[in-house]
Amino acid sequence: MPNQFAPEYVRAIAPYQAGKPISEVAREFGLDEAKIVKLASNENPLGMPESARKAMQAAVAEIGRYPDANGFALKEAIAKRYAVPQDWITLGNGSNDILELAAHAFVQPGQSVVFSQYSFIVYALATQAVGGRSIVVPAQKYGHDLDAMRQAITSDTRLVFIANPNNPTGTFIAPQEIEVFLKAVPRNVVIVIDEAYNEYLNPELQYESTDWVRQYPNLLVSRTFSKAYGLAGLRVGFGLAQPPVTDLLNRIRQPFNVNSLAQAAAIAALNDSAFLQQSAKLNTEGYTQLTQAFDEMKLEYVQSFGNFVLVKVGDDDGAGARINLALLKKGIIVRPVAGYGLPQWLRVTIGLQHENAAFIQALKEVLSK
Ligand SMILES: *Cc1c(COP(=O)(O)O)cnc(C)c1O
């Protein structure tokens, strides 16, 4: 077996647990695919914007050719939108790619990476894949404790991951707090602010992280087209950082890491502000719908700034798995989060009104048993 020669830290990686696909749940539980409601992966319930569909249809004609390795047109659109030069942009196969590139570029085996308890699981995976040592800082009210995270940084820390808003808890860090953190962290430590859910923030909570990127050479901001932009299946995201960091990331990425349909669709989506507005509005309404139901059912939940809600479904450590299974049998797919150390909770993505209603109805039935 060649596996014995693989690094110990690679063999120790626990596989990522994705949300179950609709087809798999249909097969497993003998259900009709059309009746299954999937609220498990924080996808946009509206699907992709029509503008992106049209852009892809036009781009299909050139699919026999390699994509633009430098993603010129997409970078041009991003540069314009965020008022940064093109050499501040790294395109990724999803923003997951950006997170991994950061770990590969900056972390050597044995060096440490700091992130919060209950933050996105990919931070731990990306760290372990390069033999890094995770320093997991206890959360405060299910969110980041930036003071404690700053104090946790050691002389061998190369990277800090921050998710704002955070997945799976939905918590939000005020920009003032982030600024204090950015000022205090040594410049030889790279800080990644993962803003996968930024587009769902209410206008009064929006902040300009590109201003910080201009100010801090050790800051990398990541964004994705998978959530509010509705393009999860295409795999496209990007990172913003000053040229030295961006240059490194671009050297180690795969030359064609973002395919041509994804590039075309992302440009269209980026310019489709009407779609974003519609998505955000639907999300706000769905959040109210879900949390009102949780209030009525006297279920505890964490206030969320993303397109999902973390809800507590029982007091014993089997509760999440048990309620999840009962929901699956009713054709409702949500996300158990025991792998995050939250075995009494489930994370539910905010869907269309009728999908949220189906979930609430099923949850009531399951909990009354
Ligand atoms: C969904 C998510 C991502 C990554 O999504 P991609 O599809 O790889 O762009 C990154 N960070 C967080 C916190 C997420 O929830």
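This passage describes how the two domains of a predicted protein model meet, what surrounds its ligand, and where its backbone is unusual.

The structure is a predicted model, in which local features need pLDDT of at least 70 and side-chain atom pairs count only at pLDDT 80 or more, while totals for chains, interfaces and linings use all residues. Residues are numbered from 1 along each chain as its sequence is written, and side-chain values use heavy atoms, with hydrogens and water left out.

The protein chain splits into domain 1 (2-47 + 274-368) and domain 2 (50-272), with bounds that come from an automatic or database domain assignment. Taken over C-alpha atoms, the centres of domain 1 and domain 2 are 24 Å apart. Their contact (heavy atoms within 4.5 Å) draws on 34 residues from domain 1 and 32 residues from domain 2.

Between them, domain 1 and domain 2 bury about 2,700 Å², with 66% of this on carbon and sulfur atoms. Buried area here is the accessible area (1.4 Å probe) that two parts lose on being put together, summed over both. On the domain 1 side, the residues that lose the most area to domain 2 are L276, F305 and Y340, which together make up 27% of what that side buries.

As for polar interactions, 10 residue pairs, both at pLDDT 80 or more, are in polar contact across the interface of domain 1 and domain 2. A polar contact is a pair of N or O atoms within 3.5 Å; within protein, one must be able to donate a hydrogen and the other to accept it, and residues adjacent in sequence count only if both atoms are side-chain atoms. The number of salt bridges between the two domains is zero, where a salt bridge is a side-chain nitrogen of Lys or Arg within 4 Å of a carboxyl oxygen of Asp or Glu.

Four elements give two or more residues to the side of domain 1 that touches domain 2: α1 (8-11), α12 (273-296), β9 (308-312) and β12 (345-349). Helices (H or I, at least four residues) and strands (E, at least two) are DSSP runs, numbered from the N terminus. The largest share of this side, seven residues, belongs to α12.

Turning to the ligand, the residues around it (a heavy atom within 4 Å) are G94, S95, N96, F120, N167, D194, A196, Y197, T224, S226, K227 and R235. A polar side-chain atom of D194 is 2.6 Å from a ligand nitrogen atom. Polar side-chain atoms of Y197 and S226 each lie 2.5 Å from an oxygen atom of the ligand.

The backbone also offers some details to look for. The peptide bond from N164 to P165 is cis, with omega near -10°, and so is the one from N167 to P168, with omega near 15°. P165 sits in the loop between β5 (157-163) and α8 (175-184), as does P168. R235, although not a glycine, has a positive phi of about 65°; this residue is in the loop between β7 (219-224) and β8 (237-240).
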